[in-house]
Amino acid sequence: MTGAGMSVESGIPAFRGRDGLWTKFGQPPMDGFRRFREDPSDWWQRRVNREMDEHIIHLRDALLAAQPHAGHHALARLEQTGMVKHVVTQNIDGLDLKAGLKNLIEIHGNRSRLRCIGCGNRTHIGDFIPQEPPEPCGTCGGIVKFDTVMFGEPVPADTMAKAREQIDLADCILVVGTSATVRPASGLLWIAKANGARLIEVNPAETKLTGVCDVVARATAGQAMPSLVERLAGTTATPLGLPSARQALAVPATTSVPPVK
Ligand code: APR
């Protein structure tokens, strides 16, 4: 499970914590989705006219410019070696896909897609920014929005079902760069813990989850992930398990790890 911290070293700010967007500019209203549904064409028109808060424009520009860093490539490598079976991300940046990851569930959607809120049909738009409100859905005539999940919007049922299925299968979860504060994503981690899964946290700062993690790497994603791959290279432990993770991160349970120079 990854969060905004996974992409900070790609130039995309996180939301919470010291340099977080919401910390600096305040959390946006929690009823974004209700406001969209009240008047979708007005919402889109203001988008087209860039009538948005400065920090949202900054975030959008950072998303457009971002490229995967060594941490994203390391995660894709762990998948290729069979050590990681699936990734659930809260990020909308698509950097994991750009790094070659195959089995990804984007629980908050993806910025380069549109989605119909009627039938759920998704269309890929890449880096294109709509210059006018999109046409109604070609399948059901429904209202079309960005695929990204707004505050107050339920995570699409198909996405949630896939995420829950993977969480229930997991016996060990690598939790990278999330404050574990936003539901339903953070709730999935507690469910996994209750199911007996082991949790490995990679985060330079303490989080709500730290206390229930089996291994804690106090490091950034760009530091810890390549080191994990490096140290796991040649080990036969597939999928990633606690002993191999502890060995690779060279830590006994719940002890902080100095960043790898
Ligand atoms: N590497 C790893 N972790 C990092 C790094 C880094 N380079 N930099 C910061 N972090 C950690 C922070 O310490 C923090 O715990 O990443 C976490 C980011 O937390 P949030 O900003 O709360 O991001 P996230 O948990 O993904 O937020 C969940 O909230 O605002 C909504 O929709 C948004 O998907 C987002 C959701």
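User: I'd like to practise reading strand pairing. Which residue of E8 stands opposite Ile200?

Analyst: Opposite Ile200 you will find Val215 in E8. Keep in mind as we go that this is a predicted model. A pair like this is one rung of a ladder: strand E7, residues 198–202, pairs with E8 through three bridges, in the parallel sense.

User: And what does E7 do on the side of E6? How many bridges join E6 to E7?

Analyst: Five bridges connect E6 with E7, and these two strands run parallel as well. One pair to pick out on screen is Ile173, whose bridge partner in E7 is Leu199.

User: How do I go from those pairs to the whole sheet? In what order do the three strands stand?

Analyst: Chain the pairs together and read off the order. Here it is E6-E7-E8, an open sheet of three strands with parallel pairing. Strand E6 (172–176) and strand E8 (215–217) each have a single partner strand, so one side of each has no neighbour in the sheet and these two stand at the edges. Going from one strand to the next, the twist averages 15°.

User: Is E7 mostly covered or mostly open, and how many of its residues are buried?

Analyst: E7 is mostly covered, with four of its five residues buried.

User: Let's try another sheet. Which strands make up the antiparallel one?

Analyst: That open sheet has three strands in the order E4-E3-E5, and its pairing is antiparallel. Its edge strands, each pairing on one side only, are E4 (122–124) and E5 (144–146). Direction ignored, neighbouring strands of this sheet are turned against each other by 30° on average.

User: How is E3 held on each side? How many bridges join E3 to E4, and how many join E3 to E5?

Analyst: Take one side at a time. Strand E3 (residues 113–116) has three antiparallel bridges to E4, with Leu114 opposite Thr123 as one pair to look for. Towards E5 there are three bridges too, again antiparallel, and there Cys116 faces Val144. E3 and E4 also form a hairpin: five residues lie between them, and in the turn Gly120 has a positive phi of about 85°.

User: Which way do the side chains of E3 point?

Analyst: The general idea first: side chains in a regular strand alternate between the two faces of the sheet. In E3, Arg113 and Arg115 point one way, while Leu114 and Cys116 point the other way. Each of these four residues is buried, the arginines included.

User: What does the side chain of Arg115 make a polar contact with?

Analyst: For a buried charged group, look for polar partners. The side chain of Arg115 makes a polar contact of 2.8 Å with that of Asp147. Asp147 sits in the loop between E5 and helix H7 (157–169). Its side chain also has a polar contact with the side chain of Arg122, at 3.3 Å.

User: Why does Asp147 count as buried?

Analyst: Compare its value with the cut-off: buried means under 20% relative accessible area. Asp147 has a relative accessible area of 2%, so Asp147 counts as buried.

User: Then how should I read Gln223, and where does it lie?

Analyst: Gln223 is part of helix H9 (residues 221–232). Its relative accessible area is 26%, so Gln223 is partly exposed. A polar atom of the Gln223 side chain lies 2.7 Å from the backbone nitrogen of Thr220. You can also link this helix residue to E7 by distance: the C-alpha atoms of Gln223 and Val202 are 9.5 Å apart, with 21 residues of separation along the chain.

User: Finally, the ligand. Which residues are closest to it?

Analyst: List the shell, then pick out specific contacts. The ligand is surrounded by 22 residues, and the closest are Phe15, Arg16, Thr178, Ser179 and Asn203. By class, the shell has ten nonpolar, ten polar and two charged residues.

User: Which ligand atoms do Phe15, Thr178 and Asn203 approach?

Analyst: In each case it is an oxygen atom of the ligand. Phe15 uses a backbone N or O atom, at 2.7 Å. Thr178 brings an N or O atom of its side chain to 2.6 Å, and Asn203 places a polar side-chain atom 2.8 Å away. As for cover, the ligand on its own has 740 Å² of accessible area, and the protein covers 90% of that.

Notes:
Residues are numbered from 1 along each chain as its sequence is written. This is a predicted model: local features need pLDDT of at least 70, side-chain atom pairs count only at pLDDT 80 or more; totals for chains, interfaces and linings use all residues. Side-chain values use heavy atoms; hydrogens and water are left out. Buried means under 20% relative accessible area, exposed over 50%, partly exposed in between (1.4 Å probe, protein chains only). A polar contact is a pair of N or O atoms within 3.5 Å; within protein, one must be able to donate a hydrogen and the other to accept it, and residues adjacent in sequence count only if both atoms are side-chain atoms. A residue is near a molecule or strand if one of its heavy atoms lies within 4 Å of it. Accessible areas come from the Shrake-Rupley method with a 1.4 Å probe; for residues, only the protein chains shown count as cover. Ala, Val, Leu, Ile, Met, Phe, Trp, Tyr, Cys and Pro count as nonpolar, Asp, Glu, Lys and Arg as charged, and the others, Gly among them, as polar. Two strands pair if DSSP finds at least two bridges between them. Axes are lines fitted to C-alpha atoms, for helices over the stretch in contact, and angles run from 0 to 180 degrees between N-to-C directions.
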